[in-house]
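I opened the model to look up how its strands pair, how its helices pack and where the backbone angles stand out. My entries follow in the order of the look-ups.

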Amino acid sequence: IHRGDQIHLGSIGRLTWQKDYELLLYVFAKVRKIIDKKIYLTIVGIGPMYDELQHLIKELELKKYVYLAGHVKRRDIPTFLSTLDIYIQSSVSEGSPLTIKEAMASALPILSTDVGGIPEMIINGETGILVSHGNEDEFVTSLVELINMNISRRNKIGQNAQEYAIGKFSIET
């Protein structure tokens, strides 16, 4: 259920340094202090940085707002994505992530770092928002902008992403 006063952010990936979930947690903590909506973040995945990320969540006082969901079966990914308002990718490096394609197919607006093949997948401002990796201020500003955006505009970005994904990444294509 999508309510105007609550925003659910999500990301899917292995809990490794390449995904830079530390950056995402710092950005999330800053955004929580700026906006007046209740925001929540769920990260799906397992990996070697689980304990480190749990410690950072506690340190940043985010235990009520951030959930490390662990492993989710492939068949349950569409259900998880359907609970989100915004999909976030904070990676240091990527190829052409399936998770972004899945989020696009789910009509989610995407906020992502502009690394690897991601700029070839997301049209900045149309199917999502791209930020420079490592630019925490730009990430914060862009996330606040996306959260505070008129809901029909945000939904339009998600619809654009879905249409783009169908045209570029579908099995038929």
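Before counting any pair, I fixed the term: two strands pair if DSSP finds at least two bridges between them. The model is a predicted one.

**Entry 1: one strand pair.** I looked up strand 4 (residues 86–89) against strand 5 (residues 110–113) and found parallel pairing over three bridges. Within strand 5, Ile-110 is the residue opposite Tyr-87.

**Entry 2: the sheet.** I then asked in which order the strands of the sheet run. The order is 3-2-1-4-5-6, in an open sheet of six strands with parallel pairing. I noted strand 3 (66–70) and strand 6 (128–131) as the edges; each has a single partner strand, so one side of each lacks a neighbour in the sheet. From one strand to the next, the twist averages 20 degrees.

**Entry 3: a helix over the sheet.** Which strands does helix 5 (residues 136–148) lie across? I listed strand 1 (6–12), strand 2 (38–44), strand 4, strand 5 and strand 6. Against strand 6, helix 5 runs at about 165 degrees.

**Entry 4: two helices.** I checked helix 4 (residues 98–105) against helix 6 (residues 151–169): they pack at an angle of about 120 degrees, and their axes are 7 Å apart. I entered helix 4 as oblique to helix 6 because of that angle, since 65 to 115 degrees would count as roughly perpendicular and over 145 as roughly antiparallel. On the helix 4 side, the contact is made by Lys-101, Met-104 and Ala-105. Helix 6 contributes Gly-158, Ala-161, Gln-162, Tyr-164, Ala-165 and Phe-169. I sorted the residues of this contact into six nonpolar, two polar and one charged.

**Entry 5: positive phi.** Most residues other than glycine have a negative phi, so I looked up the exceptions here. Asp-20, not a glycine, has a positive phi of about 50 degrees. I placed Asp-20 in the loop between strand 1 and helix 1 (21–34). Is Asp-20 buried or exposed? Its relative accessibility is 14%, and Asp-20 therefore counts as buried, the cut-off being under 20%.

Ala-107 is not a glycine either, and its phi is positive at about 65 degrees. I found Ala-107 in the loop between helix 4 and strand 5. With a relative accessible area of 24%, Ala-107 went into my notes as partly exposed.

Terms used
Residues numbered from 1 in each chain as written. Predicted model: local features only at pLDDT ≥ 70, side-chain atom pairs only at ≥ 80, totals over all residues. Heavy atoms only, no water. Axes fitted to C-alpha atoms, helices over the stretch in contact; angles between N-to-C directions. Helix = DSSP H or I, 4+ residues; strand = E, 2+ residues; numbered from the N terminus. Parallel < 35°, antiparallel > 145°, perpendicular 65-115°, else oblique. Contact = heavy atoms within 4.5 Å. Nonpolar A, V, L, I, M, F, W, Y, C, P; charged D, E, K, R; others polar. Buried < 20%, exposed > 50% of the residue type's maximum accessible area, 1.4 Å probe, protein only.
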